[in-house]
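User: Hello! I am new to this structure and would like to walk through it with you. Could you show it to me?

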Amino acid sequence: EEKKRVRNPYVPIGALITAGVLTAGLISFRQGNSQLGQKLMRARVVAQGATVALMVGTAFYYGE
């Protein structure tokens, strides 16, 4: 496990960013700000896609 984190430290960071944006979006929806909530949900999709791309790229690079 430690070896994987050393190889690609950006994946946990990407996961935290994704979770943070998701939380902010849900809070925005709850407060009634649907426009901001929609923008944050779109940003979450981008952050999640970037995290998955990092995972796939690292696996391909290290041949796993």
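User: Which residues does the UniProt annotation "transmembrane region" cover?

Analyst: Welcome! This is a predicted model, and the annotation comes from an unreviewed UniProt entry. The first listed span is 100% helix and 0% strand, with its end C-alpha atoms 26 Å apart. Over the other span the chain is also 100% helix and 0% strand, and the end C-alpha atoms are 32 Å apart. The annotation "transmembrane region" covers residues 12-29 and 41-62.

User: Which element of the protein chain has the highest mean pLDDT?

Analyst: The protein chain as a whole averages a pLDDT of 87, and 88% of the residues score at least 70. Among its elements, helix 1 (residues 2-7) has the lowest mean, 61. Where pLDDT is low, predicted coordinates should not be read in detail. The highest mean, 93, belongs to helix 2.

User: Is Ala15 buried, partly exposed or exposed?

Analyst: Ala15 sits in helix 2, which runs over residues 10-30. Its C-alpha is 7.2 Å from that of Gln48, although the two are 33 residues apart in sequence. Buried means under 20% relative accessible area and exposed over 50%. Ala15 has 41% relative accessibility, so Ala15 counts as partly exposed.

User: What is included in the cover over the buried residues of helix 3?

Analyst: Helix 3 spans residues 34-62 and reaches 42 Å from its first C-alpha to its last, close to the 42 Å expected. Its buried residues are Gly37, Leu40, Met41, Ala47, Thr51 and Thr58. What covers them includes helix 2.

User: Which residue follows helix 3?

Analyst: Helix 3 has 29 residues, 34-62. The residue after it has a positive phi, near 70 degrees, and is Gly63.

Definitions and conventions: Residues are numbered from 1 along each chain as its sequence is written. This is a predicted model: local features need pLDDT of at least 70, side-chain atom pairs count only at pLDDT 80 or more; totals for chains, interfaces and linings use all residues. Side-chain values use heavy atoms; hydrogens and water are left out. Helices (H or I, at least four residues) and strands (E, at least two) are DSSP runs, numbered from the N terminus. Buried means under 20% relative accessible area, exposed over 50%, partly exposed in between (1.4 Å probe, protein chains only). UniProt positions are given in the numbering used here, feature names are shortened, and annotations may be inferred rather than shown by experiment. pLDDT is the predictor's confidence in each residue, from 0 to 100. The expected span of a helix is 1.5 Å times one less than its number of residues. Contact means heavy atoms within 4.5 Å.
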